[in-house]
Amino acid sequence: MKPLSLLIEILIILGVIIKNIEAEKHSKKQTERNATTQVSANELKQFLSHILERRKLIKVIYQRENALGKKKIQRKLRIKGIQNKDLSKRNKNHLRKQAKKNFTDEGDQLFKTGIKILQQSKNQKQKAEAYVFFAKAADMGNLKAMEKMADALLFGNFGMQNITAAIQLYESLAKEGSYKAQNALGFLSSYGIGMEYNQAKALIYYTFGSAGGSMMSQMILGYRYLSGINVLQNCEVALNHYKKVADYIADKLEKSEGIPVEKVRLTERPENLSSNNEILDWDIYQYYKFLAERGDVQIQVSLGQLHLIGRKGLDQDYYGNAIGLHGLGLLYFYGKGVPVNYAEALKYFQKAAEKGWPNAQFQLGFMYYSGSGVWKDYKLAFKYFYLASQSGQPLAIYYLAKMYATGRGVLRSCRTAVELYKGVCELGHWAEKFLTAYFAYKDGDIDSSLVQYALLAEMGYEVAQSNSAFILESKKAKILEKEKMYPMALLLWNRAAIQGNAFARVKIGDYHYYGYGTKKDYQTAATHYSIAADKYHSAQAMFNLAYMYEHGLGITKDIHLARRLYDMAAQSSPDAHIPVFFALMKLETVHLLRDILFFNQFTMRWKWMKLDNTLGPYWDLFVIGLIVAVLIFLLRNRYG
């Protein structure tokens, strides 16, 4: 049974949203884009309870009607005979099927109309109109429309986020065999958002979702088997899952469908987040999408022009006519407007590749890989795929993964193949959530942002893992209990650190040092700081480690090593100069005081640890404050 009342109510809400957006037409652009009407949780809870009661009532009525119908049929069979009844039954069944078909066709048409409006939408008002059609289609039992409405409730589209309502719809859809619903329920179970935290149940949902055709579930399972998350680590199983998704993505890329999406780190400085060069704005993003959907050679010229002037996060890069040469090669390779001529195509690709154009390098690799107009040569194919991959050419990365997976032209390596396939999979359309999550975060919709980042984190995106952890540790989200936030953040920092995030590695050290989401453990903290310092040359990790060596926290006290690490931190980052200066001043002052106390007969009776008893455990901060005060006093006298 479908939750009709909820969908009708959502339809009303969306109507209100459209009116509100029209009323605020002349307001600020930011406000206009995000103008929504919030639905109170209490109202939706009432709707849901009404839905559940209605579903129970309908079920009871349906059972009673069936029972009465059977009795009537039995009477009529006895009175009129089987033949007449069979004819009547066939007629009724035919009418029911015809009515159901008309109802279904109307729902399908409404859904298609909504999709068309959504694809052509340029503002929030048009998107809201699309969801009106989805709501009507969902009311007629269209499963795809119901999936759209459930997603809107989960991710907070138009400010109507309600996890409980989304779960109700997903559970109803899952019973109908919706793989998208299975994936969503697995995601919610894995975080304990609106549902019981249950990794075993999440794994079952993901398994059913992947079996049904969910690319997201396939990717999640691939990441879990790669990393050994609640399953035994198995590279071959991970390879199988990632390959299926990568094949799907490569097919889209070959048709010029899809665009690169900027993945903004929330841990960066605020001034950088709003910088003109850090992220493609929404208009440029739509422009890219429009060009990509055209699927012709002109997209390369347009992208080349953006590179030429260095627009919006794209580095200024002068290729001269490499793009044009590559375009000519494509015309001869595919026979667009000219006869197919592999020799001419090869000539133009080589010229463009010599100028460093990655797409031309990929085309050369593909010609040698497939034997198009040349003898198959996997070593040359590997060479050109590798060159193109260094510039991030996605199809080149895909074919490299294929070669490593099969051992064709290179020594087989499951791990390398999986890592390369993973990079291709992360170019899927779902990566667009990085933009919507970022805009939601900027607009203060923390819960909506967290849900989107958390889903991407579950799929193995390192940036999403660190962003989700960053939001969780701020404790601004409301969709999780506060006591669960630090443990979940620690889990996500750990996953990001395993994927090479130095900042995340330092964060893990901090969590163990202060006891956030886990018990205090100086030794473990020092271990993580050491990894970040040695492997990533993190100035913060060096500073923290120096402090621990200075005080002997979790490691053997070593003043000389502390001095060295402080100096290394200052050399690694200009931002560390001032903190290191004060830390060294404090260290030298304390060392001097220790020498004075050692040689003074009267004060020799004092034990150095008495400072902790007299001034408290943070006496070193007191000393730093005293030094700062003395320096300020001296500077004032000098320039006064």
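1. Start with what α16 leans on: in this predicted model, its buried residues pack against α15 (322-334) and α17 (358-370). The buried set is Ala 345, Leu 346, Tyr 348, Phe 349, Ala 352 and Ala 353.

2. As for length, α16 covers residues 342-354, which is 13 residues. From first C-alpha to last, α16 reaches 18 Å, close to the 18 Å expected at 1.5 Å a residue.

3. Now over to α23, residues 462-474. This helix has 13 residues and reaches 19 Å end to end, counted between its first and last C-alpha, close to the expected 18 Å. Right after α23 comes Lys 475, with a positive phi near 60°.

4. How many of the residues of α23 are buried? Eleven of the 13 are, so α23 is largely enclosed by the rest of the structure. Charged and polar names turn up here too: the buried residues include Glu 462, Gln 465, Asn 467 and Glu 473. The cover over them includes α10 (215-227), α21 (433-442), α22 (446-458), α24 and α25 (502-514).

5. Take one of those neighbours, α24 (residues 482-498): α23 packs with α24 at about 155°, their axes 8 Å apart. That makes the two roughly antiparallel, and their crossing is left-handed.

6. Who meets whom there? On the α23 side, look for Ala 469, Phe 470 and Leu 472, among others; on the α24 side, the residues include Met 485, Tyr 486, Leu 492, Trp 493 and Arg 495. By class, this contact has ten nonpolar, three polar and three charged residues.

How values were computed. Residues are numbered from 1 along each chain as its sequence is written. This is a predicted model: local features need pLDDT of at least 70, side-chain atom pairs count only at pLDDT 80 or more; totals for chains, interfaces and linings use all residues. Side-chain values use heavy atoms; hydrogens and water are left out. Axes are lines fitted to C-alpha atoms, for helices over the stretch in contact, and angles run from 0 to 180 degrees between N-to-C directions. Helices (H or I, at least four residues) and strands (E, at least two) are DSSP runs, numbered from the N terminus. Angles under 35 degrees count as roughly parallel, over 145 as roughly antiparallel, 65 to 115 as roughly perpendicular and the rest as oblique. A crossing is left-handed if the near helix is turned anticlockwise from the far one by less than a right angle, and right-handed if clockwise. Contact means heavy atoms within 4.5 Å. The expected span of a helix is 1.5 Å times one less than its number of residues. Buried means under 20% relative accessible area, exposed over 50%, partly exposed in between (1.4 Å probe, protein chains only).
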